[in-house]
Each structure stands twice: as C-alpha cells, then as structure tokens.
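Work through the exercises below with the sequence and the model open side by side. Each task is followed by a solution that goes step by step.

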Amino acid sequence: SGSPEPAPRRSRFSSGPPPEGQRGGFGGSPNITDALEVARRLALAKASVGNESAMRAMGIMPSTPDQGSMHMGAIERCQQFGAFVKIDNNFGHGMCHISEFPNEKRGRFESAQDVERVFPPGQRVWVRVMEIKEGGKVALSMAGVDQMTGAYDASQATGRSGFPRFDKTPDMDSVHHGVVKRVERYGVFVALDGWADGMCHVSQLARNRRYHDAAEVGADHPVGSPIWVRVCEVKEGNRVELSAKDLDQATGARLPPEPSRGPASGAGLGYGGGGHYGQPRKTPELASVHKGTVRRVEAYGCFVTLGEYGDGLVHVSNILSGVRLNGVEEVAARAPLGSEVYVYVKEIKPDGKFELSMKRCDQKTGDVLPDDATPGLVGAYASYGGYQQTQDPYAQMQDPYTQDPYAQ
C-alpha cells in the first residue's frame with residue numbers, strides 16, 4: 001500500500017541522535033546548559049533556606065521595594081480593577097489600581113479587556129511604590145509619573161476625585177482646614193493640603209446630628225466644601241482618621257469637651273434608643289404610639305426615627321398583620337423609605353433599644369389595634385406575622401457606626 005512505514009522504536013539505550021519527531025518529551029532535545037543551571041539554582045535555594053538576604057541576592061526570592069521608590073516594569077496581566085506589573089531588578093510583582101492610572105488613561109472599565117486596551121500585557125511602564133501591604137503585597141501608582149523619564153510630580157498625582165495626593169501624614173491632634181473630596185454613607189474623605197488624605201466617620205461629623213445615608217451626609221458636606229478637622233489617629237498604611245465635631249466650623253477653634261456619655265447618660269451609637277451625641281438618652285413609654293419616619297429598610301424589617309427618642313426597629317413580623325413579607329422589596333412596599341408611619345412601642349430592652357410595631361396601629365388614625373399574637377406558637381413560626389418571637393431581631397443588625405470604614 002502507499003502508507004509510509006512507521007519509524008522504528010528507540011530504546012533509552014539507543015545511540016546517536018533520535019529521528020525527527022522523536023526528540024525529548026517537550027518537542028526537542030534537552031538543553032544541558034539550562035538543566036544544569038536549574039539544578040544549580042535548586043541546590044543553592046536548598047542551601048539558603050532561612051537566609052532571605054542570600055536568596056534575594058541570588059534572585060531566588062524577590063526583594064521588597066522601598067515605599068515611594070520609582071521602578072520600571074512590564075504589564076503582566078489585567079483585571080477590571082487594575083493591572084499587575086512585574087517590577088524590574090527582582091522586585092517581584094505589584095498591582096496598580098485603575099484609580100492610580102495616569103490622568104489621561106482613566107475611564108470607566110467594564111472588563112479586563114477594557115483595561116488591556118489601555119495597558120496591554122507586555123507594555124513597559126514606570127511605577128511608583130505607594131504602599132507595602134500585609135503579606136508583602138505591593139500597591140503601585142502611575143499617577144503623576146512621567147512615563148518617558150520616570151520623574152514623579154506630586155501636583156499631578158491626583159486620586160479618583162481629582163485632588164492632589166500626598167504621602168506625608170499630619171501630626172496627631174493637629175487641626176487642618178481641608179476640602180471634602182468624596183462622600184460615602186459612612187463618612188467623608190478629606191483632602192488636606194500637603195498631607196495624606198483622611199477620613200471623617202459619620203459619628204465624627206457633628207455632635208447633634210445623625211446621618212443615615214450618603215445623601216444626608218452630602219447635603220451637609222458636599223464635595224468641594226471646606227471643613228475643619230482634627231487628626232484623631234494615624235493607622236498603618238498612612239490611613240488618617242479625622243474628627244470635625246470638636247471644632248467650630250467657622251473658625252477652626254476647638255470646642256469645649258462634650259458632657260460625659262457613660263452608661264447613665266446612655267448616648268449610644270447603635271440604633272434604637274440612642275439619643276443625639278452629647279444629649280441624654282430619652283426613652284419612649286412602653287405601649288405609647290408615635291408618628292415617625294422610615295429611615296432604613298432591610299430584609300428583616302425597617303428602622304423608624306422618633307425624633308428625640310432616636311431610632312427603633314420594626315421587625316418584619318410587626319409590619320403587617322397576618323402577612324409574611326419576604327425580602328427588602330416587599331418590606332419597602334409596605335414601609336417606603338422616607339414615609340411617615342404610626343408605630344406602637346412594643347418592647348424596651350435593658351440597653352435602651354426599643355422594638356416597634358406598625359401592625360398594632362391604624363395607619364390612618366394612629367389608634368391602637370388589638371394584639372393578634374397567638375401564645376404558644378414559637379420556633380419555626382416565630383417569624384410569621386402575629387406570632388410570638390423567640391429571637392432578638394437586633395442580633396441580625398450591623399451597626400454602621402461601629403464598623404471600620406477602611407475594611408470596605
């Protein structure tokens with residue numbers, strides 16, 4: 001037949017070069033020089049275990065670059081949130097977030113492919129080391145870095161809000177006149193002229209004001225508005241925490257200390273019974289009726305503000321009699337955000353938090369309706385409307401006033 005004869009099989013003891021197509025398992029004869037170099041480096045690595053400086057000198061372990069230093073590198077891969085860079089001279093890898101791209105390269109990126117169009121893998125770039133994070137992770141920046149020369153201009157190093165970025169941290173307890181650069185539900189980020197940016201938590205914005213969302217924060221402190229702040233703490237990674245409530249916002253002068261807020265005064269930061277900052281707690285009377293405003297909606301219920309008494313929780317089982325509401329959408333349909341509702345003070349807890357009920361009130365007149373609770377039905381039935389509860393609904397609640405905003 002016309003089919004070619006198969007090549008004879010070779011054993012490992014055969015002499016001479018193998019025929020074409022029967023070379024080493026990787027498609028070619030092994031490179032002895034490369035194999036010896038690999039073996040040498042493995043032997044050195046084994047001998048140098050525990051000696052990080054020796055391993056770095058041999059290129060086995062990458063060195064850690066200095067914070068603020070400039071380096072050349074190559075784009076390795078891209079993600080929607082930024083680009084990973086392999087840094088020259090055995091300094092390992094780092095990540096440049098999209099907010100740290102040069103001003104002219106910033107934009108809205110919907111995918112890794114969008115980032116690759118701006119910084120394709122393999123492209124050479126100049127980067128600046130912003131921070132060495134836990135575990136040796138390196139945060140990089142190209143903002144303010146001249147991509148032709150590698151020179152750094154701090155005045156061009158603007159963050160996502162367009163304000164200059166600085167690394168020098170201010171002194172503890174020092175007072176500064178800053179500018180609001182970003183607004184979040186948990187506080188505002190403040191640009192301090194010549195210093196690293198800081199964050200002022202909502203609990204530190206004002207003594208007699210509680211904020212429930214970003215809209216309320218922005219109404220009092222819009223982006224670009226001036227603000228007097230005091231440096232409360234400088235955390236790892238140059239994170240600066242600020243406070244504005246102890247300063248006169250017209251002059252920057254320090255205000256007298258707030259009255260004691262011990263257990264007797266009870267000005268708690270959590271929802272339910274917490275008064276305004278610096279004010280004694282006032283608790284509504286048990287079984288009283290009030291007209292309040294829905295300030296927050298969750299899957300497990302809604303929070304209603306009762307003026308001087310603060311906020312209380314209406315559990316999902318106490319919104320509508322005989323109906324089980326599932327999810328935030330159904331709760332919001334019965335208790336829209338910002339709407340005024342009548343509530344009945346159902347329970348006051350030892351810590352001052354109080355639980356409310358909407359279903360015990362006629363929502364047109366505010367009259368008290370009969371209790372439809374059915375004694376003895378607990379456990380699996382506890383969450384249904386009208387049934388007795390066995391779980392504390394506050395256990396499901398996270399207090400935004402006690403969370404670390406930097407963790408987000």
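Cysteine 302 counts as buried, because its relative accessibility is 0%, where buried means under 20% relative accessible area, exposed over 50% and partly exposed in between, with a 1.4 Å probe and protein chains only. The model is a predicted one, in which local features need pLDDT of at least 70 and side-chain atom pairs count only at pLDDT 80 or more, while totals for chains, interfaces and linings use all residues. Residues are numbered from 1 along each chain as its sequence is written, and side-chain values use heavy atoms, with hydrogens and water left out.

**Exercise 1. Determine how many disulfides the model contains.**

Step one is the chemistry: a disulfide is a covalent bond between the sulfur atoms of two cysteines. Step two is the cut-off, which asks for a pair of cysteine sulfur atoms within 2.5 Å. Step three is to test a candidate: the closest cysteine sulfur to that of cysteine 200 belongs to cysteine 232 and lies 7.4 Å away, which is too far for a bond. Cysteine 200 is itself buried, with a relative accessible area of 0%. By this rule the count is zero disulfides.

**Exercise 2. Find the strands that pair with β13, and state the sense of each pairing.**

Begin with the terms: strands are DSSP runs (E, at least two residues) numbered from the N terminus, and two of them pair if DSSP finds at least two bridges between them. Strand β12 (residues 301-305) runs antiparallel to β13 and is joined to it by five bridges, one of which sets valine 304 opposite glycine 312. These two strands form a hairpin with five residues between them, and glycine 307 in the turn has a positive phi of about 55°. Strand β15 (residues 354-357) pairs with β13 in the parallel sense over two bridges, and here valine 314 has leucine 356 as its bridge partner.

**Exercise 3. Decide whether β13 is enclosed or open, and examine aspartate 311.**

First, consider the strand: five of the five residues of β13 (residues 311-315) are buried, so the strand is largely enclosed by the rest of the structure. Next, sort the directions, since Asp311, Leu313 and His315 point one way while Gly312 and Val314 point the other. Finally, turn to aspartate 311, which is buried at a relative accessible area of 1%. Its side chain makes a polar contact with the side chain of threonine 305 at 2.5 Å; such a contact is a pair of N or O atoms within 3.5 Å, and within protein one must be able to donate a hydrogen and the other to accept it, with residues adjacent in sequence counted only if both atoms are side-chain atoms.

Methods:
Helix = DSSP H or I, 4+ residues; strand = E, 2+ residues; numbered from the N terminus.
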